[in-house]
Amino acid sequence: MSAAKDGPRKPANRQDLRPVRISIIGAGNVGATTAYAVLLSGLAAEIVLVDVNNEKAEGEAMDLSHAAPNTHQTRIISGDYDACAGSSVVLITAGANQKPGQTRMDLLQINAGIFKDIIPKVAKAAPEAILVVAGNPVDVLTYVSWKLSGFEKHRVIGSGTMLDTARFRYELGQHYQVDPRNIHADIIGEHGDTELPVWSQASIVGMRLQDYCRQSGQKYNHEAMVKCFQETKNAAYEIIKRKKMTDKGIAAALMRLVETILRDENTLLTVSTVGTHGGVSGVSLSVPVKVNRTGAHYVLDPELSGEEKAELEKSAKNIKANIDSVDLGK
Ligand code: NAD
């Protein structure tokens, strides 16, 4: 049957007519830059900024509004939690950031306190939204957000090692002089000091790294690979040493995650989800999971070498110990 004969397709229900609203809690470096990335993507009809510092949120909304006429017809507003009602996705980018020399885990108690303030308000205002957590330590805070929101597990997603995976592909792309998009190589586990690369599955155009080297006439250089991972793991420390914070890489990752959700892409991404990982239950960390309009869904345990399995378990146990240190009032 032709489309013309059928006439225009009718929306399934009135919900389909709602403008796509993306809310961002925390209009600091990460929040404001993510708002800008989402604006440039054209994915949202409305972007809502909420911050305990109302003036900052208002100022960012004004500035972003002036970018809209040259980019996309997106309405950017600042407001209170009520303004998040009807959001498809709510991004949590609030919280203290790392100072030079600080680890992400060092931020746990202060940011858990901030999340105790934010998450119940978000859950009340936007009960149908997908929550995307970016505040650090992101794995522990993803678990905390799941607990405090009462949402189903698949509707609470931490940005996890999505950024680390991007950094790793960038490093490998630089080494092999190949477009990072041709490289499949994941960082899994904690977004932090116990993260690990899945060397056993790393590939370029479907070929394991050693095979790619042999076929392309180069010598496989193990030391260079180790260096690529070290650069990945230490990237945030190195950036913070120079510019005091990081925002562009994470903003692009969050924009891509929002896109995956809104376009119902079923993309496998290394994001942090609550479940049993590395043999540890009740923990949130990153392995590749399928992301679509309904959230993030477990598909499989990645095939890991013995050494990688042991490292993932170590990472999971570290996150679990930190989860257990948070007083969730129950
Ligand atoms: P920032 O200080 O620039 O911004 C934080 C914002 O949160 C501030 O505007 C502050 O007013 C707001 N805020 C604090 N308490 C609040 C509350 N109770 N309610 C609402 N808003 C509140 O910090 P940043 O550089 O934007 O970093 C934000 C977080 O993102 C940090 O935890 C940082 O470590 C994390 N981060 C994560 C990644 C990642 O890969 N997941 C990357 C970079 C930064």
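**The interface between domain 1 and domain 2**

Six residue pairs, both members at pLDDT 80 or more, make polar contact across the interface of domain 1 and domain 2 (a pair of N or O atoms within 3.5 Å, one able to donate a hydrogen and the other to accept it, with residues adjacent in sequence counted only if both atoms are side-chain atoms). Zero salt bridges are found there (a side-chain nitrogen of Lys or Arg within 4 Å of a carboxyl oxygen of Asp or Glu). The model is predicted, with local features needing pLDDT of at least 70, side-chain atom pairs counting only at pLDDT 80 or more, and totals for chains, interfaces and linings using all residues. Residues are numbered from 1 along each chain as its sequence is written, and side-chain values use heavy atoms, leaving out hydrogens and water.

Domain 1 spans 21-158 and domain 2 spans 162-324, with bounds from an automatic or database domain assignment. Their C-alpha centres lie 23 Å apart. The contact (heavy atoms within 4.5 Å) draws 38 residues from domain 1 and 43 residues from domain 2.

Together the two domains bury about 3,300 Å², 71% of it on carbon and sulfur atoms (buried area is the accessible area, 1.4 Å probe, that two parts lose on being put together, summed over both). On the domain 1 side, L43, R104 and D139 lose the most area to domain 2, together 21% of what that side buries.

Which element gives the most to the side of domain 1 that touches domain 2? That element is α2, with seven residues.

Conventions:
Helices (H or I, at least four residues) and strands (E, at least two) are DSSP runs, numbered from the N terminus.
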